Amino acid sequence: MSYASFDNATGESNVTNEADFQKTAQIIVASIQKILQNVSSMQRMVNQFGTAQDSPELKQQLHQIRSYTQQLISDTTNQLKDLVNCKERHLKIQRDRLVDEFSAALNAFQAVQRKTVDLEKNAVRQARQASGAGLALHKPPSSHHSSMGSSYNNTANSGSSMFEDNFITGSRGQTQQQLQEEIDLQALEDQEQTIRELEENIVSVNEIYKKLGALVYEQSHQVDSIEASVEQTSVFVSEGVQQLKQASHYQNKARKKKFILALIAAAILAIIILIILLHR
């Protein structure tokens with residue numbers, strides 16, 4: 001395959017011949033398979049949300065796989081861009097097949113991301129509702145404990161001591177409750193941050209999909225235009241050759257006519273000269 005089989009006028013592509021094309025295509029195929037494997041793993045993890053297997057470690061692992069897959073998608077997109085400049089028809093067919101397979105992998109990745117967003121939003125909504133109900137049920141225990149202290153008038157010292165113990169216990173309970181509420185609030189904020197990151201990733205992948213499709217369409221249109229021009233030029237050349245053949249045929253016929261006329265004129269001239277010589 002010659003270098004003329006690839007258009008690299010911008011100098012941005014590292015693919016300049018068919019060997020480079022096939023090497024890059026193999027890398028892309030392996031990346032697509034890895035993306036699909038990651039999507040399958042992510043789907044299994046997402047299905048464990050809200051079950052006994054759900055845990056912070058599970059979500060951390062999911063985040064790592066998702067980040068790795070996102071980077072793999074970005075790298076694969078750049079590699080596909082290196083293939084859009086090919087001119088040969090069989091390479092264009094191979095490139096378009098890779099684009100279709102990559103697009104299917106992107107759709108699968110987007111589907112599991114959207115499902116994760118829905119589950120995370122639902123979990124945040126339920127957690128906020130539970131948190132609000134919990135705050136409404138908790139009341140300061142001081143009035144209840146003070147009434148208990150006043151009911152034991154016969155043993156003042158014992159009642160006072162009991163009140164102090166209950167008050168300290170209640171204060172500790174309130175402190176623990178506040179700490180737990182802060183922990184829960186931080187967990188909600190982390191979940192909301194995860195949701196924002198997922199939504200940004202979804203938008204990013206959509207942009208990759210659109211740009212790649214537009215780029216492949218543009219290159220295909222340019223190559224088809226070039227091929228059409230070449231085919232049209234070939235038709236013009238064929239017509240020109242045919243016209244030249246016809247012109248050569250007409251020219252040969254004209255030469256034959258001129259030759260015949262010259263022979264006739266020579267014969268007539270010879271006859272006239274012969275007649276003149278006989279009359280002398």
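**Figure 1. Contacts along the protein chain in a predicted model.** Among contacts in the protein chain that join residues at least 6 apart in sequence, 80% link residues at least 24 apart. The protein chain of this predicted model has five helices and zero strands, which gives the pattern α-α-α-α-α when read along the sequence. Of the 280 residues in the protein chain, 25% are buried.

**Figure 2. The largest nonpolar core and the helices that supply it.** This core has 30 residues, and those with the most contacts inside it are Ile-35, Ile-73, Leu-80, Leu-83 and Phe-102. At least two residues of the core come from each of helix H1 (18-47), helix H2 (56-81), helix H3 (89-137) and helix H5 (156-279), and H1 gives the most, with nine residues. A second core of five residues, separate from this one, includes Val-117, Ile-195, Leu-198 and Ile-202.

**Figure 3. Surroundings of Leu-80.** When residues up to four places away in sequence are not counted, Leu-80 touches Ile-28, Leu-98, Val-99, Phe-102 and Leu-212. Leu-80 is also listed, together with Phe-102, among the residues with the most contacts inside the largest nonpolar core, and Ile-28, one of the residues touched by Leu-80, is among the buried residues of H1.

**Figure 4. Helix H1, its start and its buried residues.** H1 has 30 residues and reaches 43 Å from its first C-alpha to its last, close to the 44 Å expected at 1.5 Å a residue. At the start of H1, a side-chain oxygen of Asn-17 comes to within 3.2 Å of the backbone nitrogen of Ala-19. The buried residues of H1 include Phe-21, Ala-25, Ile-28, Ile-32, Ile-35, Val-39, Met-42 and Val-46, and also Thr-24, Ser-31 and Asn-38. In general, an α-helix has 3.6 residues a turn, so residues three or four places apart point the same way.

**Figure 5. Gln-70 in helix H2.** Gln-70, which has its place in helix H2, counts as buried because its relative accessibility is 15%, under the 20% cut-off. Leaving aside neighbours within four places in sequence, Gln-70 is in contact with Phe-109, Gln-113, Asn-201, Ser-204 and Val-205.

**Figure 6. Lys-59 over the ring of Phe-49.** Lys-59 lies over the face of Phe-49, at 5.1 Å from the ring centre. As for pairs between aromatic rings, the count in this model comes to zero.

Definitions and conventions:
Residues are numbered from 1 along each chain as its sequence is written. This is a predicted model: local features need pLDDT of at least 70, side-chain atom pairs count only at pLDDT 80 or more; totals for chains, interfaces and linings use all residues. Side-chain values use heavy atoms; hydrogens and water are left out. A nonpolar core is a set of buried Ala, Val, Leu, Ile, Met, Phe, Trp, Tyr and Cys residues joined through side-chain atoms within 4.5 Å. Buried means under 20% relative accessible area, exposed over 50%, partly exposed in between (1.4 Å probe, protein chains only). Helices (H or I, at least four residues) and strands (E, at least two) are DSSP runs, numbered from the N terminus. Contact means heavy atoms within 4.5 Å. Rings of Phe, Tyr and Trp (its six-membered ring) pair if their centres lie within 6.5 Å; planes under 30 degrees apart count as stacked, over 60 as edge-to-face and the rest as tilted. A charge sits over a ring if NZ of Lys or CZ of Arg is within 6 Å of the ring centre and within 35 degrees of the ring normal. The expected span of a helix is 1.5 Å times one less than its number of residues. A polar contact is a pair of N or O atoms within 3.5 Å; within protein, one must be able to donate a hydrogen and the other to accept it, and residues adjacent in sequence count only if both atoms are side-chain atoms.
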